[in-house]
Amino acid sequence: MKEKLKKSTGITLVALVVTIVVLLILAGITITYVMGDNSIFKKAQEAKNKTDEAMQNEQEYLNNLGNIIGEYINGDPSKPPIYDKDKKVNVPQILTGMIPIKFEMPTDSKKGNSIDTTKADKEWYEYGETYETRKWANARTQDGSMWVWIPRFAYKITVQTIDVVFLIGTTDQYYKADGTIGTAQRMKDTNTVPDTTADYTVHPAFTNETAIGYSNGGWDKELTGIWVAKFEAGYPTGNNNATKKASNVSYTTPDNKVWAKSTEVGSTKNDWLTGARNWLDGVYGENETKISYPVFQGTTYAMNYITGNDAYNISRALTDSGNIYGLSSSNTDSHMMKNSEWGAVAYLSQSKYGQNGTKIIANNASLDSGGTSQTKAEGNQFASLYAVTGCAYNTTNIGEVKTTIEAINGTTGNTATAEGIYTWNQKNGQNASTTGTIYGIYDMNGGSWETVSAYIANNHEYLKKYGASIAYQEESLKTASTKYTTVYPNNEAGETNINTASRKNFAANTKIYGDAVRETTSSTAGTTNTGWNASSWNSEFSYFPAFNVPFFARGGCFTDKQNTGIFAFYVHHCQPHFPTRFSFCFDWDICNLEILIKRI
């Protein structure tokens with residue numbers, strides 16, 4: 001009995017010792033966790049310090065806001081003016097190589113004309129609500145290209161209506177109707193999405209989004225406005241007087257092949273994979289060919305047969321030394337247009353400062369006359385021309401309207417071609433602009449599909465094959481947005497049907513705003529209901545990228561009979577095709593300007 005008791009006591013003492021040792025170890029870990037360099041108390045204190053610092057910085061900003069606004073309104077004689085207190089809009093910032101222009105308005109008997117002016121001209125621009133005052137600021141570069149200023153603004157969307165207020169300088173403040181100052185909201189973290197139907201929201205195209213990973217297509221600085229090309233990108237010497245000059249960027253067409261229209265190569269198929277070509281350079285095939293600097297003028301042959309990769313690269317090259325525009329890289333940063341910048345133009349256009357809800361008339365003009373003139377020997381440079389910039393049909397979109405460049409050039413007064421095509425500088429041609437006046441931006445409905453720098457990172461081979469400069473960093477797929485590209489979410493894994501994948505990808509896009517995608521579609525988008533792929537405002541296309549078409553295209557094509565428009569978005573593979581091109585723009589802030597290169 002005693003022996004058993006001794007054994008029991010021994011086991012108990014060992015267990016007790018082990019328990020004490022374990023408790024001491026745990027105590028040491030706990031003390032370290034609570035009191036050490038990486039302790040929860042220290043981390044909590046650091047978090048509190050950061051919060052206090054952020055609150056202090058925000059309070060200092062708010063305390064100094066009156067001074068900041070005062071400087072913008074009253075101006076600093078030593079700096080370029082930023083805000084026009086009379087017109088209550090940010091002042092357009094003229095870049096190296098630009099001169100301000102205004103227009104003589106077209107009438108029933110006379111076309112409109114551009115007039116060189118100066119920054120001091122009080123009639124240079126006005127962002128008003130009437131036909132006479134919807135005069136968005138325009139400028140011209142040395143090659144003759146035209147650009148339009150989109151000033152910083154905040155917006156609110158209610159029942160297919162966009163309400164816009166212009167902001168003061170780089171602040172989020174605006175003048176209310178009663179003359180007091182209001183403050184617009186914005187996204188401050190990726191988990192909190194502002195309700196753009198409830199209050200004014202700063203449009204992300206003008207905001208510094210480095211802290212939130214460029215979630216909505218923002219920039220790396222606060223911007224007072226952006227410059228956008230007035231027309232789609234066109235060929236130099238293509239019904240214009242611009243100088244043809246090779247850039248430092250070469251065509252990199254995969255397999256040296258493009259998708260040409262059947263009438264161009266004499267095929268009976270809908271389209272044909274044939275030798276790399278374009279109107280300006282003919283059929284260059286395997287020969288290394290430099291991309292000529294594009295021009296942005298009205299009634300110009302629109303560029304085509306270019307991959308998304310090449311479009312992105314030439315977009316970034318507009319400020320290279322020796323460019324034809326006179327632009328300087330010291331104050332200009334050019335890039336391919338993103339969905340956010342497209343959305344900024346679309347929202348301003350549909351506000352009271354633009355078309356005010358009226359659908360923009362489509363550019364249906366086509367030089368594809370068909371027949372023997374399009375089936376001459378391969379290499380006939382005139383065979384690959386299709387879209388023409390700055391044109392408008394006389395009524396709503398009816399699809400392709402075949403005409404000739406001679407007929408377009410021969411229009412006078414307010415008389416259309418025999419087929420019903422007007423030009424941008426005719427009275428009725430203004431209906432194809434974002435303002436309904438000659439001062440607006442053209443070719444945002446019809447013309448050719450416009451590739452933008454936005455995609456889903458679904459690992460499809462076309463992301464690299466046709467859009468490597470957009471979607472890749474060397475050999476790695478970019479899965480996060482940058483200031484030059486926007487990556488959209490996708491939820492297509494496991495799907496085999498592209499329509500189902502498109503709907504699921506649209507439904508996964510729950511946060512991005514300001515891009516004329518999620519905010520400007522009906523509840524039919526992303527569902528299996530009839531019309532799901534044409535449920536953007538005005539029944540425009542709402543086909544979200546998926547599978548082998550991972551890129552976004554915007555606006556529509558001259559061949560489409562319906563569903564095109566400023567809110568249309570569509571799937572795109574970024575292959576070199578006859579009816580597609582890309583978009584350009586550039587933005588300016590106090591130190592820098594970013595050129596949004598609109599459109600090829």
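This is a short tour of the model, one selection at a time.

Before you click anything: this is a predicted model, where local features need pLDDT of at least 70, side-chain atom pairs count only at pLDDT 80 or more, and totals for chains, interfaces and linings use all residues. Residues are numbered from 1 along each chain as its sequence is written, and side-chain values use heavy atoms, with hydrogens and water left out.

**Whole chain**

Start with everything shown as cartoon. You should find 9 helices and 34 strands; these are DSSP runs numbered from the N terminus, helices being H or I over at least four residues and strands E over at least two. Now colour by burial. Of the 600 residues, 57% count as buried (buried is under 20% relative accessible area, exposed over 50%, partly exposed in between, with a 1.4 Å probe and protein chains only). The accessible surface comes to about 24,700 Å², and 51% of that belongs to carbon and sulfur atoms (Shrake-Rupley method, 1.4 Å probe; for residues, only the protein chains shown count as cover). If you like contact maps, take the contacts between residues at least 6 apart in sequence: 69% of them join residues at least 24 apart (a contact means heavy atoms within 4.5 Å).

**Select 153–166, 201–202 and 339–349**

Here is an open sheet of 3 strands, in the order β10-β9-β13, with antiparallel pairing (two strands pair if DSSP finds at least two bridges between them). The edges are β10 (161–166) and β13 (201–202), each pairing on one side only. Helix α5 (residues 339–349) packs on this sheet and touches β9 and β10, its direction making about 65 degrees with that of β9 (axes are lines fitted to C-alpha atoms, for helices over the stretch in contact, and angles run from 0 to 180 degrees between N-to-C directions). Between β9 (residues 153–158) and β13 there are 2 bridges. Zoom in on Ala 154, which stands opposite Val 202 in β13.

**Select 449–456**

Next stop, strand β26. How many of its residues are buried? The count is 8 of 8. Show the side chains: Trp 449, Thr 451, Ser 453 and Tyr 455 point one way, while Glu 450, Val 452, Ala 454 and Ile 456 point the other.

Now add the partner strands. β26 runs antiparallel to β30 (residues 551–555), with 3 bridges between them, and it pairs with β29 (residues 486–488) in the parallel sense, over 3 bridges. Tyr 455 is a good place to look at both pairings: its bridge partner in β30 is Phe 551, and in β29 it is Val 487.

**Select 497–508**

Keep β26 on screen and bring in helix α9 (residues 498–508). Its buried residues are Ala 501, Ser 502, Arg 503, Asn 505 and Phe 506. Their cover includes β26 and β31 (565–572). At the start of α9, a side-chain oxygen of Asn 497 reaches to within 2.9 Å of the backbone nitrogen of Asn 499.

**Select 274–278**

Arg 277 lies in strand β18 (residues 277–278). Is Arg 277 buried or exposed? It counts as buried, at 4% relative accessibility. Its side chain makes a polar contact with the side chain of Thr 274 at 3.3 Å (a polar contact is a pair of N or O atoms within 3.5 Å; within protein, one must be able to donate a hydrogen and the other to accept it, and residues adjacent in sequence count only if both atoms are side-chain atoms). The Arg 277 side chain also reaches the backbone oxygen of Gly 275, at 3.1 Å.

**Salt bridges**

Finish with the charged side chains. There are 21 salt bridges, each a side-chain nitrogen of Lys or Arg within 4 Å of a carboxyl oxygen of Asp or Glu.

- Asp 255 and Lys 465: the closest N and O atoms are 3.6 Å apart. Asp 255 lies in the loop between β15 (246–250) and β16 (257–261) and Lys 465 in helix α7 (residues 461–465), so the pair ties together parts 210 residues apart in sequence. Asp 255 is exposed at 57%, whereas Lys 465 is partly exposed at 34%.
- Glu 475 and Lys 464: these side chains meet at 2.4 Å, N to O. Glu 475 sits in the loop between β27 (472–473) and β28 (476–477) and Lys 464 in α7, so this pair ties together parts 11 residues apart in sequence.
- Asp 220 and Lys 221: the closest N and O atoms are 3.8 Å apart. Both belong to a salt-bridge network with Arg 316, Asp 333 and Lys 483.
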